[in-house]
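Colleague: Could you take me on a close look at the aromatic rings and the disulfides of this chain? I would be glad to have the cut-offs along the way.

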Amino acid sequence: MVLGLFEQSEADRRAAEVRAGTVAPTRSERQKCWMARDGYFACLDRNNIIDALKDEKAAAKACKAESAEFEKDCAAQWVTYFKKWRVQDIQKRARLKELEAQGAVKMDVNTEFKQ
């Protein structure tokens, strides 16, 4: 029984270090973070919230459980990064849609140079 308590506290310590950014997350920890992020973003989508940083109160009210999971499973810097990335991605997709509606043609560009 004591061993179980020690393992739990070790897991909690590790999770706190990942959140603080003092250790790099493992592959499984990154996967857990991405799943929590996707759940949080799905909640924001259901509630028509684009910018969780700007609309912090609305996001906290609508997605309290998902936000807690996201912040628990991801490094704090990742949480902020993903929230900013979401806004930029939505804006980029909207702009591409506008351009396509105006008749713009998508071009495939190869950025690799062959010698």
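Modeller: Happily; here is a walk through the rings, then the cysteines, then one helix.

A word on the basis: this is a predicted model, in which local features need pLDDT of at least 70 and side-chain atom pairs count only at pLDDT 80 or more, while totals for chains, interfaces and linings use all residues. Residues are numbered from 1 along each chain as its sequence is written, and side-chain values use heavy atoms, with hydrogens and water left out.

Let us start with the rings. A pair of aromatic rings is described by the distance of the centres and the angle of the planes. Here, rings of Phe, Tyr and Trp (its six-membered ring) pair if their centres lie within 6.5 Å; planes under 30 degrees apart count as stacked, over 60 as edge-to-face and the rest as tilted. That rule gives six aromatic pairs. In one of them, Tyr 40 and Phe 41 have ring centres 6.2 Å apart and planes at 45°, so this pair is tilted. Tyr 40 also pairs with Phe 70: the centres are 5.2 Å apart and the planes are at 25°, so these two rings are stacked. Tyr 40 lies in helix 2 (residues 27–46) and Phe 70 in helix 4 (residues 64–73), so the pair ties together parts that are 30 residues apart in sequence. Helices here are DSSP runs (H or I, at least four residues), numbered from the N terminus.

How accessible are these rings? Buried means under 20% relative accessible area, exposed over 50%, and partly exposed in between (1.4 Å probe, protein chains only). Tyr 40 is buried at 2% relative accessibility, Phe 41 is buried at 9%, and Phe 70 is buried at 0%. These three residues belong to one aromatic cluster with Trp 78, Tyr 81 and Phe 82.

Two arginines join the picture. A charge sits over a ring if NZ of Lys or CZ of Arg is within 6 Å of the ring centre and within 35 degrees of the ring normal. Arg 37 lies over the face of Phe 82, 4.7 Å from the ring centre, and Arg 86 lies over the face of Phe 41, at 5.2 Å.

Now the cysteines. Taking a disulfide as a pair of cysteine sulfur atoms within 2.5 Å, the count comes to two. Cys 33 and Cys 74 form one, with sulfur atoms 1.9 Å apart, and with 110° about the S-S bond this link is right-handed. Cys 33 lies in helix 2 and Cys 74 in the loop between helix 4 and helix 5 (76–101), so the pair ties together parts 41 residues apart in sequence. Cys 33 is buried at 1% relative accessibility, and Cys 74 is buried with a relative accessible area of 1%.

The other disulfide joins Cys 43 to Cys 63, S to S 2.1 Å. Its torsion about the S-S bond is about -95°, so the link of Cys 43 and Cys 63 is left-handed. Cys 43 sits in helix 2 and Cys 63 in the loop between helix 3 (56–62) and helix 4, 20 residues apart. Both Cys 43 and Cys 63 are buried. With bonded cysteines counted along the chain, the disulfide pattern is 1-4, 2-3.

Finally, back to the helix of Phe 70. In helix 4, Ser 67, Phe 70 and Asp 73 are buried. Seen down the axis of helix 4, its buried residues fall within an arc of 145° (taken from the directions from the helix axis to the C-beta atoms), so they line one face of the helix. The face turned away from that buried side carries the exposed residues Lys 64 and Ala 65.

Note on methods
Helices (H or I, at least four residues) and strands (E, at least two) are DSSP runs, numbered from the N terminus.
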